[in-house]
Structures are given as C-alpha cells and as structure tokens.
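Let's take a friendly walk through this structure together. Please keep the viewer open and follow along as we go.

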Amino acid sequence: MTSAAASPGLPPPSARTGALSHLRVLDLSRVLAGPWCTQNLADLGADVIKIEKPGAGDDTRHWGPPYLHGDDGPTPQASYFAACNRNKRSVTVDIATPDGQRLVRELAARSDVVIENYKTGGLKRYGLDYDTLAALNPRLIYCSITGFGQTGPYAARPGYDLLVQAMSGLMSITGQPDGEPGEGPLRVGVAVIDVFTGMYATTAILGALEARHHTGRGQRIDIALLDVAMAVLANQGAGYLNAGVVPARQGNVHPSVVPYQDFPTQDGKMLLAIGNDGQFARFCEVADVDWAHDARYATNSARVTHRATLIPMMNAVTRGKPTHEWIALLEAASVPCGPINDIGQAFADEQVRHRGLRVEQYRYADGAQPASDPINRICSTASPLRLSDTPPTLRHAPPALGQHTDEVLRECLGLGEQDVAALRARGVL
C-alpha cells in the first residue's frame, strides 16, 4: 500500500481536503491529553472516530459548570467537552461486552491510528491491546498515553495533570516567591501537561506515519505525562542539569532576562517583555531616563545582577501613565509590551478577531436537530495550524453522545439497520 492510499471506507483523496484526510483514527481516549491529540489530527482532515461508553460518554461531557447553552438557557452538557472534540464522529460502544470488543477490533483493522489512555495494560483484558490489534493490522500505529509510561516503578499508577505538575517540579517554579503575599506553589491555570502531552503525541504519531511510508509497518508509541512534564521544563531543567541550579518561584519575573515581567501603571498593570539591550535602550528613551548608559543596566547580564535596584525604579516610572498610553508609546518604539487581559478581553482583541480564533459550528444541518438534544451551536478556539495548501478544516461540531454510531457502523463495517438495531437491543451500543 502506498502512503497516499486511503483507509477502507474513506472516499478517495481527490474527493477530500486536509493534510491527513486519507487517514482514519480510532480514538479510545477521554478527558484531555488524548482528545487534544485527536482533535489536532481531526482538524488536519483525519476521520476521527471517538468511541464512548453508552449513556455516559467522555468524562468531560459532565465536568461542569460552565455548561453549554441551548435556546432555553444552560443545559446539562459541560462546555469542557467542546475544547477538544471538534471534527470527530461519536460512536457509543460498550467495550465490556464481547460484541463491543469485536466491533472495536473490526474498526481498528480498518484504521491507521489507535489512541488510548487507559491505565497501563488496561485494554488487554478486552482484547484491544497493541499486540492483539497489531496482529490484525500490522500497519497500525498504536499510541498509549499514561501518567507514568509503560515501564518503571510507577507504571501502574493513574496519572493526572495536577499530580504531575507537582511531581515534575513545575509547581515549585510557579507562583509568588517565598516571603511575598500569596506565596507557595501553584498549578498553571490550564492543564498544560495534558495539553503538551497531546501535542507530543500528535508529533509522535506524525513521525510514525512518516516511518510507515518507508517500512510499511506500524508501531507502538508510549507517551507519559511525567516524561512530557520533565521535557517542558525547558531552560529551567537545563539550568539544573548543567549548572546545578534549582530554580525557585519568581512570580512573573524571568530568571535570565530583565526586565521581563508585569509593571504597575496609573490604572492597572502592563507586561514588558524586553529581550535585548536595544529594546531596553528604546524603553529608556520613551521613559526619559538614562539607565541604558549606566554600566549596571546597559546589558542584560548586568540588569539580571542588579535587578533589585532596577525594578523599583522602573515601577516608579511606569506608575506615571495609564496602560493604554504606555502601550501606544512603547509599541511605536518597537518595545514588546501589552495589556494583561482576562479571557474575555483576549477574545475581543482586534488581532484575535482578525485571525478568526473564535470558531462557531453547528451539530446538525437545517431541520436535522432532534428534540432530545437542546444543543446545536457550539463555539471553540480555532486551530493555530495554518497551512497554505491543506489548512485545517471544519467538518463536525463537538458531537452529541453517539451522534454518528449508525453512520460509522454502516459506512465502515457495512452493518445494516437490523444489525445495528440488534446490537442496540443487547446494550452493546
């Protein structure tokens, strides 16, 4: 099979768009890390089939408030689910039943990628583990996402973003310094380890797909939240590994760049991100101060050394004007700066609006919305992946639970209405 060949049941590539539109992904994951990965693949055109438990579905369908709104106000459907399940088709299958396991195996045999985030070894008892599925489909790429990986003393432990933020050291460098108001370790305001894990899983899958072009074989991918958390410590991790420096919490202050933090203004705060000496000199010109000619502050390394004297002087100066005046003056001088927005202000920003980062989709075509589902219009944040020839596509709103069960079983497995009805009567779907 060539790299351009489509998975069984998919239209020919010429009939579709999207960089990955020739691929099918079977999504056995839930919550955030796995679904974040599969939404990336779906945005790039892959046919992502999301397998969910009948009657319950993905945990995040119920993680509210806040809830999605229908015509008559809030509904029982949590908005969390909408963050990472766009462009997927939802199929309800009870994998605890032999018939459900058979259906998933048949779908895996017709798929390019399987993604799961069960506990290590958790799918083996259902016959949905890598060895079983790879025997049915040697070209299958099987990505397992766990808290601590498939090996090691913690392999059997469940893993959660907050737990891994704590264990990895990330919380130890997030928050106000000791001795400051509000001191103590803090989690990041988004489940960033889950999100980063989803991004690393996406990269690994794309790498495995490229390797398959040459080998003709699939492979297993082992992605762990703890591994990812350690990797994204980035410069902070490198500082410890190479210089023996254990970093401490510094609030919004950068450990190696000054000034690179928030500053008070006449009516609030602004953010300065001055990354080089030229930018600092231009700030000094706008602020009408001569610090750029002072040996203590002329270079970044000197400013880091003399941070304790520079920052109070800067605070005194920045309090002299309101935020919007500072931003106008500093932007005109090419000094990186900006407001500290809340999320509502961020989505209202003219650049965010220009880039089309608010996406509005509808679950159902005109007249197709069933009375049982009060939700139709759903908003999400657009994919940041901008490809000139094969850009991300919008095909499906975050689906209702089981919205595409009949469609997928008919298209992919050739089941008829009576077959599906019989499976549903037995509680399989």
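A residue is called buried when its relative accessible area is under 20%, exposed when over 50%, and partly exposed in between, using a 1.4 Å probe and protein chains only. Before we start, note that this is a predicted model, in which local features need pLDDT of at least 70 and side-chain atom pairs count only at pLDDT 80 or more, while totals for chains, interfaces and linings use all residues. Residues are numbered from 1 along each chain as its sequence is written, and side-chain values use heavy atoms, with hydrogens and water left out.

With that term in hand, let's begin with the cysteines. Cys-412 has a relative accessibility of 8% and therefore counts as buried. Cys-84 is buried too, at 0%. How many disulfides does a search of the whole structure find? The search finds zero, where a disulfide is a pair of cysteine sulfur atoms within 2.5 Å. For Cys-84, the closest cysteine sulfur belongs to Cys-37 and is 11 Å away, so the two are too far apart for a bond. Cys-412 is in no disulfide either, with the sulfur of Cys-37 as its nearest cysteine sulfur at 19 Å.

Now step back to the overall layout. The domain assignment of the chain gives domain 1 as 24-235 + 355-426 and domain 2 as 269-339; such bounds come from an automatic or database domain assignment. Between the C-alpha centres of domain 1 and domain 2 there are 44 Å.

Next come the sheets. Helices (H or I, at least four residues) and strands (E, at least two) are DSSP runs, numbered from the N terminus, and two strands pair if DSSP finds at least two bridges between them. One open sheet has six strands in the order β5-β2-β1-β6-β7-β8, with parallel pairing. At its edges are β5 (88-92) and β8 (220-224), each of which pairs on one side only. From one strand to the next, the twist averages 20 degrees. Angles here run from 0 to 180 degrees between N-to-C directions, and the axes are lines fitted to C-alpha atoms, for helices over the stretch in contact. To see one pairing in detail, look at β2 (residues 47-52), which runs parallel to β5 and is joined to it by five bridges. There, Lys-50 stands opposite Ser-90 of β5.

Helices lie across this sheet as well. Helix α5 (residues 192-215) lies across β6 (113-116), β7 (141-146) and β8, at about 160 degrees to β7. Helix α14 (residues 405-413) lies across β1 (24-28), β2 and β5, at about 95 degrees to β5.

Strand β5 also holds Lys-88, a residue worth a pause. Is Lys-88 buried or exposed? Lys-88 is buried, because its relative accessible area is 0%. Its side chain reaches the backbone oxygen of Pro-35 at 3.0 Å. A polar atom of the Lys-88 side chain also lies 2.8 Å from the backbone oxygen of Cys-84. Leaving aside neighbours within four places in sequence, the residues in contact with Lys-88 (heavy atoms within 4.5 Å) include Asp-27, Thr-38, Val-48, Lys-50, His-396 and His-404.

In the loop between β4 (73-78) and β5 we meet Asn-87. Its phi is near 70 degrees, a positive value in a residue other than glycine, and Asn-87 is buried at 1% relative accessible area. Ala-234, in helix α7, also has a positive phi, near 50 degrees. Ala-234 is partly exposed, with a relative accessible area of 46%.

Two cis peptide bonds are worth finding in the viewer. One joins Gly-64 and Pro-65, with omega about 0 degrees, and Pro-65 sits in the loop between β2 and β3 (67-70). Another joins Val-258 and Pro-259, with omega about -5 degrees; Pro-259 lies in the loop between α7 (234-243) and β9 (260-265).

That brings us to another open sheet, with three strands in the order β9-β10-β11 and antiparallel pairing. Strands β9 and β11 (337-339) have a single partner each, so one side of each is left without a neighbour in the sheet. Neighbouring strands here are turned by 30 degrees against each other on average, direction ignored. Three bridges join β10 (residues 268-273) to β11 in antiparallel fashion, and Leu-271 stands opposite Gly-338 of β11. Finally, helix α10 (residues 307-318) packs on this sheet, touching β9 and β10, with its direction at about 40 degrees to that of β9.

Technical notes:
Polar contact = N/O pair within 3.5 Å; in protein donor to acceptor, adjacent residues only side chain to side chain.
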